[in-house]
Amino acid sequence: MDRKIFLSILTVVRNDEKNIEKTIQSVISQKEDTDEYFVVDGSSTDNTQAIIKKYISHINKFISEPDKNLYDAINKGIKLCTGDIIGICLSGDHYKPGAFKLVKDYFTKNQNLDFFFGSIIRNYVGATVIKHGFNPRRILFNFDAQTSISTGFFITRKAQANVGDYDINFPVSSDYDFFYRMMIKHKLNGISSNKDEIIGEMSAGGLSSKITYLDHLREETKIRLKNKQNIFLIILIIVNGIFKNIPRIISDLKSSYN
């Protein structure tokens, strides 16, 4: 009889030779026989692939091919997963020791659980915070209502199939669209770890830090329109967002002219 896979972990990477090794090591250091690990590389042209191949005996499948964006690569990886639970750790991020045991304990003790958010350390440029918990009501007006997709988020394979793929039309914020559908449309059953139960750590300099605030707001607005939110609420969210982020908008505009 084939062994039953409990946990499927996915890492997505492209040209990140400086950070990929730490990410892989954080996975394989706690990977057990009931876990599987996949790495999807977007045809890296630096030394990333060579580093990955150093650990190939610990990786169930390694794919390297062009992709449309981050979420296209994630969708490819998720289709490989056969475990009960799916987790994502993007290159540059890493799991803390004991993370897998903690995740398994939560899902084992809560049999009807669809998803789980573990607390994470989130590094921003100039700041470090602990992201904890989630709030379905808050996501209606603020997408920052949960921890990140990377290291902190785990979902059953059945629930993942129910929510569907990550929408590749949102190359920066497709996780927000996914979480919205998961919490609001499908009303899936979730739980979070205690604040001091740190699952992983995210590095600074993600996709959202590489675009202007207005571009980010534009994509988030498209997500809300897609999910048929009230248009008047969306307008209020846009106005509030612009008002609260005037210094960043001015800084973005100055940078664009330099």
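Biologist: Leaving aside neighbours within four places in sequence, which residues is Met182 in contact with?

Modeller: Keep in mind that this is a predicted model. Met182 is among the residues with the most contacts inside the largest nonpolar core. Setting aside residues within four places in sequence, Met182 is in contact with Phe115, Phe117, Phe153, Ile155, Val163, Lys187 and Leu188.

Biologist: And which element gives the most to that largest core?

Modeller: The core has 32 residues, and Ile74, Phe153, Tyr166 and Phe179 join Met182 as those with the most contacts inside it. Elements giving two or more residues include β1 (7–13), β2 (35–41), α3 (70–80) and α6 (174–185). The top giver, with six residues, is α6.

Biologist: How many residues are in the other core, the one lying apart?

Modeller: Ile59, Cys89, Tyr95 and Leu113 are among its members. This other core lies apart from the largest one, and its count is 26 residues.

Biologist: Let's turn to the sheet. Which strands stand at the edges?

Modeller: Seven strands make an open sheet with mixed pairing, in the order β3-β2-β1-β4-β9-β6-β10. A strand at the edge has a single partner, so one side of it is left without a neighbour in the sheet. That is the case for β3 (61–64) and β10 (190–192).

Biologist: Which residue of β10 stands opposite Phe115?

Modeller: β6 and β10 run parallel and are joined by three bridges. Opposite Phe115, in β10, you'll find Gly190.

Biologist: What angle does the direction of α3 make with that of β1?

Modeller: α3 packs on the sheet, where it touches β1, β2, β3 and β4. Compared with the direction of β1, that of α3 makes an angle of about 150°.

Biologist: Now for charges. How many residues apart are Lys4 and Asp84?

Modeller: Side chains of opposite charge can pair when their charged atoms come close. Lys4 and Asp84 meet in a salt bridge, at 3.3 Å from N to O. Lys4 sits in the segment before β1 and Asp84 in the loop between α3 and β4, so the pair links distant parts of the chain, 80 residues apart.

Biologist: Is Glu201 buried or exposed?

Modeller: Glu201 forms a salt bridge with Lys96, their closest N and O atoms being 2.9 Å apart. Glu201 is in strand β11, while Lys96 is in the loop between β5 and α4. Lys96 is partly exposed at 23% relative accessibility. The relative accessible area of Glu201 is 17%, and the cut-off is under 20%, so Glu201 is buried.

Biologist: What is the relative accessible area of Lys131?

Modeller: Lys131 and Asp144 meet in a salt bridge through their side chains, 2.2 Å from N to O. Asp144 counts as partly exposed, at 35% relative accessibility. Lys131, in contrast, is buried, with a relative accessible area of 10%.

Biologist: Which residues does Asn227 touch, not counting those up to four places away in sequence?

Modeller: Asn227 has its place in the loop between α7 (213–226) and α8 (231–244). Asn227 is buried, with a relative accessible area of 17%. Beyond four places in sequence, Asn227 touches Asp177, Tyr180 and Arg181.

Biologist: Last one: which residues are linked with Asp177 and Arg181 in a network of salt bridges?

Modeller: A search of the whole structure finds 14 salt bridges. Asp177 and Arg181, both touched by Asn227, belong to a network of them. The other residues linked there are Asp167 and Lys226.

Note on methods:
Residues numbered from 1 in each chain as written. Predicted model: local features only at pLDDT ≥ 70, side-chain atom pairs only at ≥ 80, totals over all residues. Heavy atoms only, no water. Core = buried A, V, L, I, M, F, W, Y, C linked by side-chain atoms within 4.5 Å. Buried < 20%, exposed > 50% of the residue type's maximum accessible area, 1.4 Å probe, protein only. Helix = DSSP H or I, 4+ residues; strand = E, 2+ residues; numbered from the N terminus. Contact = heavy atoms within 4.5 Å. Pairing = 2+ DSSP bridges. Axes fitted to C-alpha atoms, helices over the stretch in contact; angles between N-to-C directions. Salt bridge = Lys/Arg side-chain N within 4 Å of Asp/Glu carboxyl O.
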